[in-house]
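Student: I've got this model open and I'd like a close look at one small piece of it. Could you start from a single pairing and then work outwards?

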Amino acid sequence: HGLVIVDKPSGVTSHDVVSVLRKQLGERRIGHAGTLDPDATGVLLVGVGYVTRLLTFLSGLDKTYTAQIVLGSATSTLDSSGTVTATHDMSSITVDEVQRVVKENFVGKISQVPPMVSALKVDGVRPHELARQGIEVERAARELTIHGFEVFGMSEPGVVDVEVHCSSGTYIRSLADDLGRALGGSAHLRNLRRISVGGFLQSECSQLDDVIVHPPITAVRTMSRVVADEQMQTMIKHGREIEKFDSPAPWVLVDEQNAVLAVYELSPTGRAKPSVVMANAVA
């Protein structure tokens, strides 16, 4: 039982990572918090054992990515894995111009249409399944937040190096495509790498063939921690509300050995109510 912070390699899906770890760790209860594209690399949070029940608190965390945006060509998948669908001469575009357009259009609250190659369901069907058949369906735009969009320069002609800090659910490939259009041409994404998920950093990652399973408390380490006494533990086991604590919600309640017993959130009544209870979990 615990959390794996894995550096997902390129060429495998997030589900592939889960399958590998099920065999490697001998545990069926394994899941990830936030899909990474097959070609992308970087931070993937994977819950093992009862920690899969805590993944709901990790899936909505902000993400930070580094990537390259290739100006002058659009692709069927909006990244380098697709076939080229359009080309434009954008050799005159400067880094200063890219920075200006980014600042004016792609920082703060933005509206984004998920790509056809996304895993979101539209009328019960995943768009990427239709995309393989050459069918395009209308997808509703969503409001997202781009906290930071740094343009570092061009590592080679027409290739812009960027870093994006964004809210969960942002498609960086769509950002690249939209940026190309805003510059009067086209663009696609390559070399996408996720360098952080919330406070979980790439420096903490282990490799897929030699993973480190961190203690369960790691998954909720940013929450306010409360050591539950014997009376409180009994209330937790019965799923009862308790008086709220002085520290900010949500709260992770642990025993004297730091084993996770439950996560409590603020209820409409002003008390602390159980969101996830794992009173019988073994640390």
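Student: In β15, which residue is the bridge partner of Leu253?

Tutor: It's Ala262: that is the residue in β15 that bridges to Leu253. Before we go on, bear in mind that this is a predicted model, so local features need pLDDT of at least 70 and side-chain atom pairs count only at pLDDT 80 or more, while totals for chains, interfaces and linings use all residues. Residues are numbered from 1 along each chain as its sequence is written, and side-chain values use heavy atoms, with hydrogens and water left out.

Leu253 belongs to strand β14, residues 251-254. Strands here are DSSP runs of E, at least two residues long, and helices are runs of H or I, at least four, both numbered from the N terminus. Two strands pair if DSSP finds at least two bridges between them. β14 and β15 (residues 260-266) manage four, in the antiparallel sense. They make a hairpin with five residues between the strands, and Asn258 in that turn has a positive phi of about 70°.

Now the other neighbour. β13 (residues 224-227) runs parallel to β14 and is joined to it by four bridges; one pairing to look for is Val227 with Val254. To get from β13 to β14 the chain goes through helix α5 (residues 230-237), and this β-α-β crossover is right-handed. Right-handed here means that, with the strands pointing away from you, the path from the first strand over the helix to the second runs clockwise.

Step back and you have an open sheet of four strands, ordered β13-β14-β15-β16, with mixed pairing. β13 and β16 (272-277) are the edge strands, each pairing on one side only. From one strand to the next the twist averages 35°. α5 lies across β13, β14, β15 and β16, at about 75° to β15. Such angles run from 0 to 180 degrees between N-to-C directions, with axes as lines fitted to C-alpha atoms, for helices over the stretch in contact. Contact means heavy atoms within 4.5 Å.

What about the side chains of β14? Trp251 and Leu253 are on one side, Val252 and Val254 on the other, and all four are buried, so to speak covered on both faces. Buried is under 20% relative accessible area, exposed is over 50% and partly exposed is in between, using a 1.4 Å probe and protein chains only.

Trp251 deserves a second glance. The structure holds one aromatic pair, and it is Phe245 with Trp251: the ring centres are 5.4 Å apart and the planes are at 70°, so the pair is edge-to-face. Rings of Phe, Tyr and Trp (its six-membered ring) pair when their centres lie within 6.5 Å; planes under 30 degrees apart are stacked, over 60 edge-to-face, and the rest tilted. Phe245 and Trp251 are both buried.

For context, look at the rest of the chain. There are five helices and 16 strands, and 47% of the 283 residues count as buried. The largest nonpolar core has 29 residues, and those with the most contacts inside it are Ile69, Leu71, Val98, Phe149 and Leu179. Among the elements giving at least two residues each to this core are β4 (63-71), α2 (95-105), β8 (142-156) and α4 (172-182). A second, separate core of 24 residues includes Leu3, Leu54, Phe57 and Val220. A nonpolar core is a set of buried Ala, Val, Leu, Ile, Met, Phe, Trp, Tyr and Cys residues joined through side-chain atoms within 4.5 Å.

α4 is worth a look too: eight of its 11 residues are buried, so it is largely enclosed by the rest of the structure. Among those buried are Ile172, Ala176 and Leu179, and the cover includes β4, α2 and β8. Just after α4, Gly184 takes a positive phi of about 85°.

Finally, there's another hairpin to set beside yours. β8 and β9 pair in the antiparallel sense over eight bridges, with two residues between the strands, and Gly158 in the turn has a positive phi of about 75°. Within that pairing, Gly148 stands opposite His165 in β9.
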